[in-house]
Amino acid sequence: MNNIDVTVEISTRNRYDFLILALQSVAFQTAPPKEVLIFDDGDHKDLRKSVTYSSLFKLFDQKHIAWQVIFGEKKGQVLNHQKAISIAKTNFI
């Protein structure tokens with residue numbers, strides 16, 4: 001199934017245990033999104049170095065779901081959401 005023009009934005013602040021569940025949910029949607037933006041407002045861990053996350057990111061790549069981890073400014077999810085809207089508009093034009 002082709003990706004639909006939807007951007008998923010997930011903000012987290014040191015809740016990496018729940019983040020993995022949210023990302024798994026996104027990966028297994030019937031109609032996958034075009035991209036996933038992960039805003040890390042916490043410890044700014046490099047999730048690509050985690051075995052758990054790297055395997056999930058490989059799954060995103062296999063399903064042609066673009067993804068990126070963005071280190072937030074620790075100013076909350078409202079600011080992250082505004083940035084996600086701006087990124088999505090740029091990517092879909």
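This report walks through helix 2 of a predicted model, along with the strands and the core around that helix.

## A strand, a helix, a strand

Let's start with the framework. Strand 2 (residues 33–40), helix 2 (residues 51–62) and strand 3 (residues 66–71) build a β-α-β unit that is right-handed. The two strands pair in the parallel sense, over 6 bridges. If you would like a spot to look at, find D40, which stands opposite F71 in strand 3.

## Helix 2 and its two sides

Helix 2 has 12 residues, and from its first C-alpha to its last it reaches 17 Å, close to the 16 Å expected at 1.5 Å a residue. Its buried residues are Y53, L56, F57, L59 and F60. Seen down the helix axis, these buried residues fall within an arc of 155°, so they line one face of helix 2. The face turned away from that buried side carries V51, K58 and Q62, which are exposed.

What lies over the buried residues? The cover includes helix 1, strand 2 and strand 3. Just past the helix comes H64, with a positive phi near 60°.

## The nonpolar core

Several of these helix 2 residues turn up again in the largest nonpolar core, a set of 17 residues. Those with the most contacts inside it are L19, L23, V36, Y53, L56, F57 and F60. Strand 1 (4–12), helix 1 (16–27), strand 2 and helix 2 each supply at least two residues, and the largest share, 6 residues, comes from helix 1.

L56 is a handy residue to click on: leaving aside residues up to four places away in sequence, L56 touches I20, L23, Q24 and A27.

Note on methods
Residues numbered from 1 in each chain as written. Predicted model: local features only at pLDDT ≥ 70, side-chain atom pairs only at ≥ 80, totals over all residues. Heavy atoms only, no water. Pairing = 2+ DSSP bridges. Helix = DSSP H or I, 4+ residues; strand = E, 2+ residues; numbered from the N terminus. Right-handed = clockwise from strand over helix to strand, strands pointing away. Core = buried A, V, L, I, M, F, W, Y, C linked by side-chain atoms within 4.5 Å. Buried < 20%, exposed > 50% of the residue type's maximum accessible area, 1.4 Å probe, protein only. Contact = heavy atoms within 4.5 Å. Expected span 1.5 Å × (residues − 1). Arc of directions from axis to C-beta.
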